[in-house]
Amino acid sequence: MSNQQVLRRKLLDLDNRNYKAYRDISGSYEFPDFTLIVDYVQGDPFAAPSKLRVQVPSSIAAFPTELYSNRIREIALRDYLSRQVDAVARDVSGRRGTGKSGLIAVTRIGQQILERTSVYLIDTVEEKEREKPILPSKPTPAGNLALERAKPMPQRSQEKPKGVEVRLVVGLPASGRRILGRQAAEMICDDIPYIIHRTLKYERLDGEACRRHVETAEDAQWLRDRLPSKNLVAFVANGSILPRRSGVDDRPLANQPVPFESPSELEVEFELPNKGQIKGMGIPAGVTLIAGGGYHGKSTLLRAMELGVYNQVPEDGREFVVTNPAAVKIRAEDGRSVVGVDISPFIAQLPQGRSTTEFTTENASGSTSQAANIMEVLEAGLSGDVDKEGIPLVLLVDEDTAATNFMIRDRRMQELISKDSEPIVPFIDKVRQLYTDYGVSTILVMGGSGDYFDVADLVVAMENFQPYEVTEKARAIAKQYATGRTPEGGQEFGEIKQRIPLPASLDPSRGRRDVRLKVRDVDEVVFGNEDVDLGAVGQLVSTDQLRAIAAAMVYAKQQYMDGYRTLAEILDAVMGDIQSRGLEILVPFPQSDLAMFRRFELAAAINRLRTLAIK
Ligand code: ADP
Ligand code: MG
């Protein structure tokens with residue numbers, strides 16, 4: 001009798017028993033084409049679903065090795081397979097009873113190709129060996145498996161073909177609190193093999209689509225890596241479709257989108273490894289202004305560039321819009337908490353003598369929140385190693401979400417409100433110093449103030465969704481109509497201070513021993529007692545990133561926060577560990593629903609903790 005039958009028998013025998021009895025199925029089972037591992041069994045039908053893994057040996061998965069011949073290809077292939085399994089699984093899983101009964105899924109996946117923990121390429125025992133002794137069905141308790149698996153994934157060796165591991169969440173079916181054994185047997189012994197058969201065997205997949213997914217990601221990554229060689233911070237390919245279907249639907253606009261076409265002055269060309277020649281608009285390092293009338297596509301262009309730090313799926317329309325990986329969206333975020341941030345380059349002498357070199361508030365204003373957002377990103381962009389240069393950042397700012405008084409202060413206002421009574425040095429008077437002192441570029445959408453003509457290296461105007469290069473024209477206008485402003489920013493930008501976060505201020509366990517982390521949706525992560533609002537952190541694209549960030553905060557606290565290390569050092573260390581050993585190190589047992597994030601978003605989450613304390 002195969003293990004599959006043993007498991008089926010077991011599930012049938014559990015029928016009508018108390019839900020807790022499902023615990024008996026923890027362990028590992030040999031199915032004809034794969035190994036099924038039950039890592040974690042949920043305690044009741046409403047709890048977080050059970051966690052299962054399926055391992056398909058390389059002889060059966062049989063993916064051509066060129067689909068994972070380098071890191072980005074492997075990430076893209078894993079992403080592709082995650083999508084396939086999830087789609088078929090959700091299709092198959094109907095509701096089978098109470099709570100999450102019947103659910104089979106991987107995780108929700110959007111338009112971005114991310115490194116995920118849902119699918120791995122693994123070394124597997126080959127079929128010949130598998131045929132020999134089928135292991136007796138002595139299940140290992142989930143706890144033991146968990147410990148075994150907490151080790152990082154083994155490193156890839158290129159020569160050997162890889163098998164595939166997929167991680168599923170499964171709602172073990174119940175009626176009330178009674179086990180539905182027959183349905184469970186169907187799900188695990190029929191549906192899962194069907195899903196695996198449909199999605200993890202290369203011959204059963206659309207090989208062309210799979211290849212395109214991998215090659216698109218590789219091309220986009222390659223393009224992003226080449227930006228500095230042409231002194232660019234962003235590239236938007238000709239023919240890109242930038243607008244989205246709606247504010248809540250991130251797929252490309254279907255109804256008569258205007259394809260992007262670079263102005264000839266800004267057109268650059270690349271030879272992509274797979275797609276070959278590509279042309280589009282290159283935005284050089286420096287200060288770039290995107291002007292244009294309302295509703296002419298400015299914000300849509302900037303949004304595409306915000307997401308250009310990620311690789312998009314083929315047919316997204318933005319798959320060849322790529323941005324410097326350290327491009328960060330900056331916006332006003334009134335109401336947020338700020339802890340000990342030196343915002344003095346932008347804001348001095350607040351009313352009531354409040355300090356701005358260690359600015360702390362439970363409730364920031366539009367302008368102070370935007371200043372803090374910039375200073376925190378600059379801090380996160382520093383290297384933990386003081387002798388090393390920081391990362392060359394790009395700030396992305398849209399007037400729609402900026403605080404007006406932070407962005408501009410015109411001649412007339414300078415006359416009415418003297419410098420002594422205005423604590424804010426507007427962004428316009430610091431944006432050049434940011435570039436000259438720290439190499440930080442800015443791409444700014446601004447239709448409302450021509451004052452910025454004076455500080456821009458490049459001015460692009462959007463008209464009817466098409467860009468035009470208008471720098472010379474803007475310069476001539478600036479000459480003809482002087483603003484009469486007095487610059488208020490001084491010669492230098494000012495200092496970027498490093499802070500030292502105190503570990504005790506991150507308490508995910510509410511004083512108890514177990515760690516409590518919860519993720520609600522893309523906007524919010526619950527960390528212990530606290531809801532951390534990340535709604536204004538616009539470059540988070542997946543709940544899985546939030547979940548990983550929450551886990552990374554715990555990891556950072558446990559491993560590196562010691563009251564001596566600076567935030568930049570901690571970010572270096574945590575991101576370095578994840579880079580070399582994988583997202584796996586963040587969690588105690590195999591989990592399908594973590595996705596890669598950047599140091600900036602990790603910093604953003606730490607910075608928004610209301611309990612954060614700084615040395
Ligand atoms: P702006 O920021 O200049 O006011 P938006 O970028 O918000 O303009 O765009 C206004 C509207 O036009 C949005 O509904 C957007 O989806 C749509 N849009 C943007 N770019 C295009 C395009 N290339 N083709 C068709 N519609 C577009
Ligand atoms: Mg806009």
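User: What makes the approach of Ser 299 to ligand 1 a polar contact?

Analyst: In this predicted model, an N or O atom in the side chain of Ser 299 is 2.9 Å from an oxygen atom of ligand 1, and because a polar contact is a pair of N or O atoms within 3.5 Å, the pair qualifies. The protein covers 78% of the 570 Å² of accessible area that ligand 1 has on its own.

User: How do you know that Tyr 295 and Lys 298 also make polar contacts with ligand 1?

Analyst: The cut-off is again 3.5 Å; a backbone N or O atom of Tyr 295 lies 2.7 Å from an oxygen atom of the ligand, while for Lys 298 a polar side-chain atom lies 2.8 Å from an oxygen atom of ligand 1, so both pairs meet the rule.

User: Why is the pair Asp 86 and Arg 90 called a salt bridge?

Analyst: The closest N and O atoms of Asp 86 and Arg 90 are 2.9 Å apart, and since the rule asks for a side-chain nitrogen of Lys or Arg within 4 Å of a carboxyl oxygen of Asp or Glu, the pair is counted as a salt bridge. Both residues lie in helix α3 (residues 71-92), four residues apart, about one turn of the helix. By this rule the model has 39 salt bridges.

User: Why should residues 130-155 be read with caution?

Analyst: Over residues 130-155 pLDDT stays under 50, although the chain averages 91 and 93% of the residues score at least 70. Where pLDDT is low, the predicted coordinates should not be read in detail, and that caution extends to the 46 contacts beyond four places in sequence that the model has for residues 130-155.

Note on methods
Residues numbered from 1 in each chain as written. Chains lettered and ligands numbered in written order. Predicted model: local features only at pLDDT ≥ 70, side-chain atom pairs only at ≥ 80, totals over all residues. Heavy atoms only, no water. Polar contact = N/O pair within 3.5 Å; in protein donor to acceptor, adjacent residues only side chain to side chain. Areas by Shrake-Rupley, 256 points an atom, 1.4 Å probe, with all protein chains shown as cover. pLDDT = per-residue confidence, 0-100. Contact = heavy atoms within 4.5 Å. Helix = DSSP H or I, 4+ residues; strand = E, 2+ residues; numbered from the N terminus.
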